[in-house]
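User: I am new to this structure and would like to be taken through it carefully. Could we go over it in questions and answers?

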Amino acid sequence: MDFVRSPEWPVVPIGGLAGNSATARYGAAPGTGPTSGRASAPPPAPPPPPYRPPADTGPTSRPSAAPPVPVKILVAGGFGVGKTTTVGAISEIAPLTTEAEMTSAGIGVDDPGVRSSKTTTTVAMDFGCVTIDRSLKLYLFGTPGQSRFGFMWDDLARGALGALVVVDSARLDDCFPAIDFFERAGLPFVVGVNAFDGRLALELGEIRWALAIGDHVPLVQFDARDRLSVRDALLVVLDRALDRATRDRKA
């Protein structure tokens, strides 16, 4: 046999099922719909519920922290004792300085001492700032050391919480005007003896006696070039000012 004859399928009436369809050969599957014509479309899906905004439960993020409290601190003392260096060592911003070159006109008037190589002098003030923690920020104002700029001290001291009086142990006589000023003003202050070259010319007990300051005035040794040493001295100023404020509140 060289060919295969196709089976003779019965003629399908118009609109009927094809003779070779699965339905005609095996019957309708149970549970199915009608076997003739197009299957009916499924029922439409229900519409989605209307949009409702979520209920207002208040702010989801934590409120921003309050800004740190600004505190004004003075850095005072005689000429050439290290006030500008103190502010520059601790300030977290580039310090504002008003340094001017010393000229021959200052010979015999502005004496920085034999150990100093100072060639400039502050003619107005120094300014810097440092953040102690999230709640406290110090604004440092360095005063001019020459007596001819003494008229500025009253303005700089206005609103200050306390002061650090920087002292050179080899030139104690230069710091008397600063100590007298803060004693008259009633402003809490700390005497910080700057250790030039890491050494003191006198012991701290001898310096306290020579300056005639009471035991209630803190006397500390620090290095104006070292940031951590300056920080410790300023923390003593804050502690002194806080103690004064606590006693005034109880009075």
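The turns below cover confidence, the cores, the aromatic pairs and a hairpin.

User: In which element is confidence highest in this protein?

Analyst: This is a predicted model, in which local features need pLDDT of at least 70 and side-chain atom pairs count only at pLDDT 80 or more, while totals for chains, interfaces and linings use all residues. Residues are numbered from 1 along each chain as its sequence is written, and side-chain values use heavy atoms, with hydrogens and water left out. The mean pLDDT (the predictor's confidence in each residue, from 0 to 100) is 78, and 65% of the residues reach 70 or more. Confidence is lowest in helix α1 (residues 22–26), at a mean of 56, and highest, at 96, in β7.

User: Over which residues does pLDDT stay under 50?

Analyst: Where pLDDT is low, the predicted coordinates should not be read in detail. The model has zero contacts (heavy atoms within 4.5 Å) beyond four places in sequence for the stretch where pLDDT stays under 50, residues 103–108.

User: Which element gives the largest share of the largest nonpolar core?

Analyst: A nonpolar core is a set of buried Ala, Val, Leu, Ile, Met, Phe, Trp, Tyr and Cys residues joined through side-chain atoms within 4.5 Å, where buried means under 20% relative accessible area, with a 1.4 Å probe and protein chains only. The largest one has 26 residues, and F182 and F189 are among those that touch the most other members. Elements giving two or more residues to this core include β1 (69–77) and β7 (189–194), and the largest share, four residues, comes from α4.

User: How are the rings of W153 and F181 arranged?

Analyst: The structure holds six aromatic pairs, counted when ring centres of Phe, Tyr or Trp (its six-membered ring) lie within 6.5 Å, with planes under 30 degrees apart taken as stacked, over 60 as edge-to-face and the rest as tilted. W153 in helix α3 and F181 in helix α4 are 28 residues apart, where helices are DSSP runs of H or I with at least four residues, strands are E runs of at least two, and both are numbered from the N terminus. Both W153 and F181 are buried. Their ring centres are 5.4 Å apart and their planes at 80 degrees, so the pair is edge-to-face.

User: Which residue in β5 is the bridge partner of D126?

Analyst: Strands β4 (residues 126–133) and β5 (residues 136–142) run antiparallel and are joined by seven bridges, whereas strands count as paired when DSSP finds at least two. The two form a hairpin with two residues between them. Within β5, the bridge partner of D126 is G142.

Methods:
Buried < 20%, exposed > 50% of the residue type's maximum accessible area, 1.4 Å probe, protein only.
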